[in-house]
Amino acid sequence: MSYRIAIGVFLCVFALVANGLDTDDFKGPAAPCVTVAHAVPEVCTMPGQELAIQVTIDSSCDPMVQALGLREQLPTGWAYKAVVGNALPNVRPAPGKTGTLEFAWISLPDFPTTFTLQLVLDAEQASSGLLVGVAEYRQTGAAMMSDSAIDTLCVVSAGEGEGEGEGEGEGEGEGEGEG
């Protein structure tokens with residue numbers, strides 16, 4: 001019985017394709033063809049210090065990307081300072097901007113493109129948190145989004161040093177003198 005059903009389904013699909021129905025109509029949404037990646041230094045930042053993060057955007061799109069933007073969501077206490085490098089976005093936030101940063105290219109860069117995002121950590125609102133970047137792009141139709149690049153920005157208070165000696169002395173003296 002299942003043999004007859006399989007043949008029936010095959011013949012129906014064959015008839016639809018033969019009559020010009022595009023089978024691409026049955027596919028789900030395409031996987032993103034633009035990627036965003038961060039290269040975050042593996043050190044914790046102290047309040048008032050700056051942090052330089054390499055951002056790389058790449059494309060394997062066919063047809064080619066026709067428009068490109070980038071959004072970076074900063075953790076609380078972090079502020080935008082500048083971008084440096086080659087093929088910089090034409091539209092970028094004002095220095096000191098916090099929260100969501102938006103960038104856009106009028107003239108598209110060659111892919112992959114890499115630039116450095118310079119951030120500064122506010123001395124009073126310093127906190128570790130996630131940096132989330134996503135590209136918005138267009139090929140020939142509606143806007144599409146890349147997968148998110150998610151990285152942790154580590155903060156250490158001025159009294160802790162730069163992550164040195166963490167964990168030392170834990171558990172020392174516990175249980176002594178009890179009796």
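Which side chain is joined to that of histidine 38 by a polar contact of 3.0 Å? Select histidine 38 to find out; the model on screen is a predicted one.

**Stop 1: histidine 38**

Histidine 38 sits in strand E1. Its relative accessible area is 12%, so this residue is buried. The partner asked about above is glutamate 72, whose side chain meets that of histidine 38 at 3.0 Å. Now add aspartate 151: its side chain makes a polar contact of 2.7 Å with the side chain of histidine 38. To see the wider surroundings, show what else touches histidine 38 beyond its neighbours within four places in sequence. The contacts include Ile53, Gln54 and Val55, as well as Leu131, Val132, Gly133 and Ala149.

**Stop 2: the sheet that holds E1**

Next, colour the strands E1, E2, E6 and E4. These four strands form an open sheet in the order E1-E2-E6-E4, with antiparallel pairing. E1 and E4 are the edge strands, each pairing on one side only. On average, neighbouring strands of this sheet are turned by 25° against each other, direction ignored.

Zoom in on E2 and E6, which run antiparallel and are joined by eight bridges. Select isoleucine 57 and look across to E6: threonine 113 stands opposite.

**Stop 3: the nonpolar core**

Keep isoleucine 57 selected and add Leu70, Trp78, Phe103, Leu117 and Leu119. These six are the residues with the most contacts inside the largest nonpolar core, which has 28 residues. The elements giving two or more residues to this core are E1, E2, E3, E4 (78–85), E5, E6 (113–121), E7 and E9. In soluble globular proteins, nonpolar side chains tend to be buried together.

Centre on leucine 119. Leaving aside neighbours within four places in sequence, its contacts include Leu51, Ile53, Leu74, Trp78, Ala79, Tyr80, Leu101 and Leu153. Gln49, Glu50 and Lys81 are also in contact with leucine 119.

**Stop 4: strand E5**

Phe103 leads on to E5, residues 100–105. Show the side chains along this strand and note how they alternate. Leu101, Phe103 and Trp105 point to one face and are buried. Thr100, Glu102 and Ala104 point to the other face and are not buried.

Then bring in strand E3, residues 67–73, which runs antiparallel to E5 and is joined to E5 by six bridges. Within this pair, glycine 69 stands opposite alanine 104.

**Stop 5: the disulfides**

How many disulfides are there? The count is two.

Start with cysteine 33 and cysteine 61, whose sulfur atoms are 1.9 Å apart. The torsion about their S-S bond is about 90°, so this disulfide is right-handed. Cysteine 33 is in the loop between helix H1 (2–18) and strand E1 (34–39), while cysteine 61 is in the loop between strand E2 (50–59) and E3; the two are 28 residues apart. Cysteine 33 is buried at a relative accessible area of 11%, and cysteine 61 is buried with a value of 11%.

Move to cysteine 44 and cysteine 154, joined by a disulfide with an S to S distance of 1.9 Å. Cysteine 44 lies in the loop between E1 and E2, and cysteine 154 in the segment after strand E9 (149–153), so the pair ties together parts that are 110 residues apart in sequence. The torsion about this S-S bond is about 70°, so the disulfide is right-handed. Is cysteine 154 buried or partly exposed? Cysteine 154 counts as partly exposed, at 26% relative accessibility, whereas cysteine 44 counts as buried, at 17%.

With the bonded cysteines numbered in sequence order, the pairing is 1-3, 2-4.

**Stop 6: glutamine 139 and methionine 144**

Return to cysteine 33 and select glutamine 139, which is in contact with Cys33 and Cys61. Glutamine 139 is found in the loop between strand E7 (129–138) and strand E8 (144–145). It counts as buried, at 14% relative accessibility. Its side chain reaches the backbone oxygen of proline 63 at 2.7 Å. Other contacts of glutamine 139 include Asp62, Met64, Gln66 and Met144.

End on methionine 144, in strand E8. At 24% relative accessibility, methionine 144 counts as partly exposed. Beyond its neighbours within four places in sequence, methionine 144 touches Ala135, Glu136, Tyr137 and Gln139. A last pair to mark is methionine 144 and cysteine 33, which are 111 residues apart in sequence and 9.3 Å apart in space, C-alpha to C-alpha.

Conventions: Residues numbered from 1 in each chain as written. Predicted model: local features only at pLDDT ≥ 70, side-chain atom pairs only at ≥ 80, totals over all residues. Heavy atoms only, no water. Buried < 20%, exposed > 50% of the residue type's maximum accessible area, 1.4 Å probe, protein only. Pairing = 2+ DSSP bridges. Polar contact = N/O pair within 3.5 Å; in protein donor to acceptor, adjacent residues only side chain to side chain. Contact = heavy atoms within 4.5 Å. Disulfide = S-S within 2.5 Å. Core = buried A, V, L, I, M, F, W, Y, C linked by side-chain atoms within 4.5 Å. Axes fitted to C-alpha atoms, helices over the stretch in contact; angles between N-to-C directions.
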